[in-house]
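Biologist: I have not looked at this one before. Can you walk me through it?
Modeller: Sure, here it is.

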Amino acid sequence: MSAEMNRQWLLKERPQGMVQESNFEYREQSIPEPGDGEILVHNLYLSFDPTFRGQMVDRPNYVPPMQIGDIMRGASAGEVVKSNNPDFQPGDLVIGAGGWQDYFIPDQADLMSVSKIPQGVSIPNSMSIFGLTGVTAYFGLLDVGQPKEGETVLVSGAAGATGSVVGQIAKIKGCRVVGIAGGPEKCAWLIEGANFDAAIDYKNENVYKGILKHCPQGVDVYYENVGGDILEAALGCLAMNARIVLCGGISSYNSEEVPPGPRGLMNLVRTRSRIQGFLVLDYVDRFSQARKDIAQWMADGLLVSQEDIQEGFENAPKTFMRLFTGQNRGKQMLKL
Ligand SMILES: NC(=O)c1ccc[n+]([C@@H]2O[C@H](COP(=O)([O-])OP(=O)(O)OC[C@H]3O[C@@H](n4cnc5c(N)ncnc54)[C@H](OP(=O)(O)O)[C@@H]3O)[C@@H](O)[C@H]2O)c1
C-alpha cells in the first residue's frame with residue numbers, strides 16, 4: 001500500500017450474513033485536486049458505526065443504500081491540506097463524512113456538515129463523546145427516555161460506545177442503572193469503570209432472571225441497542241408507564257431475514273408503556289446543548305469516554321467487523 005496515493009476501501013459485494021473481509025475491495029487512486037470553493041481533507045482517523053452495515057445492503061433505510069463500487073461510508077477526522085474556501089485554512093482539523101480513504105473533497109452538501117474540531121478537544125474525543133456517540137446517548141436517553149431521579153434505567157449494548165455513555169448520564173440524573181453486556185470483563189468494567197449499579201452478562205446468564213434480580217421495582221426506562229431475545233426479556237420486566245428507547249438492534253444487522261417478534265408486546269398494554277424509535281440526526285439543531293453538558297460532566301469527572309483505537313488503513317474492514325463480534329471496547333476508531 002502506498003502513502004502518496006489515495007488509498008480507498010470500496011464495497012465489493014453486498015454481505016450475506018456476517019460481514020466479512022471479502023465484501024470489501026482495496027484500490028489506490030491519485031490524490032484529487034480541490035476546485036473552486038472546495039477543500040482537500042487528509043483523513044487521520046476513521047470512525048466505525050454499526051449503522052453502515054445496514055447501508056451495505058439494498059433494504060429500506062433512513063438513507064439510500066451504498067452501491068457496489070462505492071467508497072465505504074463513514075465519519076472521519078482529518079486535516080485540511082488544501083483550501084479554496086475562505087471558511088477553511090490548511091491545518092484546520094475537521095470532522096466529516098470522509099469515508100474509508102486517505103483524502104476526500106467534501107461535495108457542496110457534505111461541506112455544510114464538515115465541522116472544525118474545537119480547541120482543546122482531542123481528535124478521538126471529537127469522534128466519540130463529542131461526536132455522534134455522545135449526542136445519541138444524550139438525546140435518546142433524556143429526550144425520548146425522560147428518566148426521573150430514582151427510576152431504574154436498563155441499557156443493552158451497555159459496554160459499547162453509546163450504551164456506556166447512556167448509563168453514565170442516567171447515573172448523573174440520579175437513576176439506578178443496570179447494563180447488559182457480553183462477557184465478565186465488560187460487565188466488571190461497567191461497574192468499576194462506568195459507575196453502573198449492576199451488570200448482566202448476556203453470554204453467560206439468563207437475561208430475564210438477571211433483570212428481575214437487579215430491577216426489583218421493574219424497568220422504568222429501557223435503552224435498546226440490541227433487539228432480539230434481549231428486548232423480549234426486557235419487555236417482560238417493565239414498570240408502569242415505562243419508556244423504551246429504540247436506538248438500535250445490532251443483533252439482527254447481519255441477518256438475512258427480518259427477525260420475528262418481539263414476543264411480549266402486550267406488556268406495553270398492561271403497563272401503559274411506550275416504545276419509540278429515535279434517530280440522532282433529528283437533533284442536529286440541538287447538538288451544541290448536548291456538547292456543553294457533556295463537557296461539563298467530563299470536567300467534573302462524572303463521565304468517561306471509552307475509546308478503542310486500532311491502527312493501519314489496511315485494517316479498516318477488520319476494524320469494522322469488531323463491532324459485530326463484540327471485540328471493541330468502546331467507540332471503535334482507526335488511526336491511519
Ligand atoms: N438511532 C440512532 O440515531 C443511533 C445512532 C448511533 C448508534 N445507534 C445504535 O446504537 C447501537 C450501538 O452502536 P455503537 O456505535 O455505540 O456501537 P458499540 O455499542 O460500541 O459496539 C457494538 C456492540 O454491540 C454488541 N453486539 C454486537 N453484536 C451483538 C449481538 N448479536 N447481540 C448482542 N450484542 C451485540 C457488542 O457488545 P457485546 O460485547 O456486549 O456483545 C458490540 O461491542 C447500535 O445498535 C447502533 O445502530 C443508533
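Modeller: Let's start with two strands: β9 and β10 pair in the parallel sense, over 4 bridges. Keep in mind that this is a predicted model.

Biologist: Which residue stands opposite alanine 199 in β10?
Modeller: Glycine 179 does.

Biologist: And what unit do β9, α6 and β10 make?
Modeller: A right-handed β-α-β unit.

Biologist: Which residues of α6 are buried?
Modeller: Lys186, Cys187 and Leu190. They sit on the same side of α6, because they cover an arc of only 100° around the axis.

Biologist: What covers them?
Modeller: The cover for the buried residues of α6 includes β9 and β10. On the other side of the helix, Pro184, Glu185 and Glu192 are exposed.

Biologist: Back to β10. What about its two faces?
Modeller: Both are covered. Ala198 and Ile200 are buried on one side, Ala199 and Asp201 on the other.

Biologist: New topic: how many salt bridges are there?
Modeller: The count comes to 12. One of them joins aspartate 308 and arginine 322, with the closest N and O atoms 2.9 Å apart. That pair links strand β14, which holds aspartate 308, to helix α11, which holds arginine 322, and the two are 14 residues apart.

Biologist: Is aspartate 308 buried or exposed?
Modeller: Buried, because its relative accessible area is 8% and the cut-off for buried is under 20%. Arginine 322 also counts as buried, at 15% relative accessibility.

Biologist: Which residues are linked in a network of salt bridges?
Modeller: Lys148, Glu151 and Arg243.

Notes: Residues are numbered from 1 along each chain as its sequence is written. This is a predicted model: local features need pLDDT of at least 70, side-chain atom pairs count only at pLDDT 80 or more; totals for chains, interfaces and linings use all residues. Side-chain values use heavy atoms; hydrogens and water are left out. Buried means under 20% relative accessible area, exposed over 50%, partly exposed in between (1.4 Å probe, protein chains only). The arc is that of the directions from the helix axis to the C-beta atoms. Contact means heavy atoms within 4.5 Å. Two strands pair if DSSP finds at least two bridges between them. A crossover is right-handed if, with the strands pointing away from the viewer, the path from the first strand over the helix to the second runs clockwise. A salt bridge is a side-chain nitrogen of Lys or Arg within 4 Å of a carboxyl oxygen of Asp or Glu.
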